[in-house]
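Welcome, and please get your viewer ready for a short walk. We will go from selection to selection, and at each stop I will tell you what is there.

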Amino acid sequence: MVIVAYIVPKLADYSAAALDAAVSQLLAALKEEVDHAWSSGTAWKAFRDRWIGRKGGLLTQVNDLWLKAAPKDAKREVGRRVNEIRMEVEHAVGKTEGLYLESETATQAPGSIESVDITLPGIRRAIGAEHPVMRTSREMVAVFQKLGYSVADGPVIETDYYNFEALNFPPNHPARDTQDTLFIAGQQAKPLRERLLLRTHTSPVQIRTMENMRPPIRIVIPGTVHRNDPPDASHSPMFHQIEGLAVDTNITFGDLKGTLDHAMKEFFGSSVKTSFRPSFFPFTEPSAEMFVSCFICGGSGRRGSGPCRPCKQTGWIEILGCGMVDPNVFEFVKDNGYDPKKVSGFAFGMGADRIALLKYGVEDLQLFFQGDVRFLQQFS
Ligand code: PHE
C-alpha cells in the first residue's frame, strides 16, 4: 500500500461543511499513520515529530493555517475544532508511546513499567493453520492409534547399519541404489556400518524400536526422510513417511491385509477397496504394493466425460509398500526376543506428502514446502 503523506491544506472557506471535511481528512490520515507508528521505536519517534514537533509539526501547521488565518467571526468554531484535533493527536501519540515504551522496557529495563498503559489493546497475532502434510500424517497416525499402535521415532541422521544393513541391504547390494541416498561427507575413515547418512525411509526405526522393546509390538512411525531427488511437481529431496510395524506370535499376511484395509477405509472413507500386488523390499518377504480404489473417481477411471488424472484412468492409486518382516531382519534383534522361529510380523510404509497431494487436490508438491502463506491459509 502506498501512503501519500498527508499535507495540511489551507481552508478555502470556514463553513461548517468545509471544516467537517478538513477535520475528517486529517483524522483519517492520523488513524492510518498510527498503525505504522506501532511498528518500532524509530517509527514512533518519526510519528511524534511529524505530528507534534514544535517547528513545522502538523499540529502547529493546523494552528497557523486554520486558526490564525480564520476570520474573526469563525475563530471560535475553528478554535473548538482545532482543540478537538489536538486532543486526538496527543492521545494517538501517547497511545503509541505507551506501546513503544512497553516493548523498550521489556527488552531494556525490566521493572520500570510506570509508563505502561495496561488498558491499551494487545497486538493481534495471526493464528496459524496446521500444515496439510502434518495434518495428513496426524490423521493417519490416529487411525493406527485407535487400533492400539503407539508412536515411535528415531533420528533423521542415521547410520548405514540402521538404514541399510539391519534391514537386509547387504554392503554393495544393488538394492541400495534404489534409495538415492544422501551421505554425510568425510565418513570414510569409519567402518561402513557407522557411517552417517540422511535416512531414506522411516524403516530404520523398526530396528531401533525392536532393540528397545520386546515383542509383542505395534508401532507407527511418522517422520521426515531424504533422497537425492531434484525437486519437481511430485518429488522433493525431503519428504514425509508413515511407517508401521506389528510383531507378535502368529502374525499372518491376512492380518496385514485386514489391518491395512481397515485403516484405508477409516482414512479415505468406507467405500474404498484395497488391492495388493507383488513387489520387492529387502526387509519384507513376501512384499507387496497396496493400492486403494481411486477415491476421486470412485474407481471408474473417468471424471465426467474426461479421464481421471490422479489414478491415470486405472481406477487405482498406489498408497504404500508393505510385507511380512523378513526373518533376516529379526536375526539382527534376535537377542531381544525376536527369534524368527517364534515371532512373525508385518510392516508398511507410505508417503504422507503424496497422500496429502491426492487428498487435497494439490497439483504441485513444491507448494507444501515453499511456506507461502496464501497457499497455507486455504487449509485453515
Ligand atoms: N521403506 C519402504 C520405502 O521407503 C517402504 C516400506 C516400509 C516397505 C515397510 C515395506 C515395509 O519405500
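How do the residues of the shell around the ligand divide into nonpolar, polar and charged? Five are nonpolar, seven are polar and two are charged. Before you click further, please keep in mind that this is a predicted model.

**Stop 1: the ligand and its shell**

Select the ligand and the residues within 4 Å of it. You should find 14 residues surrounding the ligand, the closest being His201, Ser203, Arg227, Gln241 and Gly349.

Now show the side chains of three of these and look at their polar atoms. Start with serine 203: one of its polar side-chain atoms lies 2.9 Å from a nitrogen atom of the ligand. Next comes arginine 227, where an N or O atom of the side chain is 3.0 Å from an oxygen atom of the ligand. At glutamine 241, a polar side-chain atom also lies 3.0 Å from a ligand oxygen atom. If you switch on a surface here, note that the ligand on its own has 330 Å² of accessible area, and the protein covers 91% of that.

Which strands each supply at least two residues of this shell? Colour β5 (238-248), β10 (316-325) and β11 (344-351), and you have them. The largest share, three residues, comes from β11.

**Stop 2: the sheet**

Switch to a cartoon view and follow the strands sideways. They belong to an open sheet of seven strands with mixed pairing, in the order β1-β4-β5-β11-β10-β7-β6. At the edges are β1 (150-151) and β6, each of which pairs on one side only. Add helix α10 (residues 352-360) to the selection: this helix packs on the sheet and touches β5, β10 and β11. The direction of α10 makes about 55 degrees with that of β11.

Stay in the sheet and pick β4 (residues 217-226) together with β5. The two strands run antiparallel, joined by 10 bridges. To see one pairing up close, label isoleucine 219 and its bridge partner in β5, leucine 245.

**Stop 3: a hairpin**

Select residues 274-281, which make up β6, and 284-293, which make up β7. Their pairing is antiparallel and spans seven bridges. The two strands form a hairpin with two residues between them. Label phenylalanine 281 and you can find its bridge partner, threonine 284, in β7.

**Stop 4: backbone details**

While you are in β7, move to proline 286, which is found in this strand. Which type of peptide bond joins glutamate 285 and proline 286? The bond is cis, with omega of about 0 degrees.

A cis peptide bond also joins proline 215 and proline 216, with omega of about 5 degrees. To reach proline 216, go to the loop between α7 (204-212) and β4.

Finish at asparagine 172, in the loop between α6 (160-163) and β3 (196-198). Check its backbone angles: phi is positive, about 65 degrees, although this residue is not a glycine.

Definitions and conventions: Residues are numbered from 1 along each chain as its sequence is written. This is a predicted model: local features need pLDDT of at least 70, side-chain atom pairs count only at pLDDT 80 or more; totals for chains, interfaces and linings use all residues. Side-chain values use heavy atoms; hydrogens and water are left out. A polar contact is a pair of N or O atoms within 3.5 Å; within protein, one must be able to donate a hydrogen and the other to accept it, and residues adjacent in sequence count only if both atoms are side-chain atoms. Accessible areas come from the Shrake-Rupley method with a 1.4 Å probe; for residues, only the protein chains shown count as cover. Helices (H or I, at least four residues) and strands (E, at least two) are DSSP runs, numbered from the N terminus. Ala, Val, Leu, Ile, Met, Phe, Trp, Tyr, Cys and Pro count as nonpolar, Asp, Glu, Lys and Arg as charged, and the others, Gly among them, as polar. Two strands pair if DSSP finds at least two bridges between them. Contact means heavy atoms within 4.5 Å. Axes are lines fitted to C-alpha atoms, for helices over the stretch in contact, and angles run from 0 to 180 degrees between N-to-C directions.
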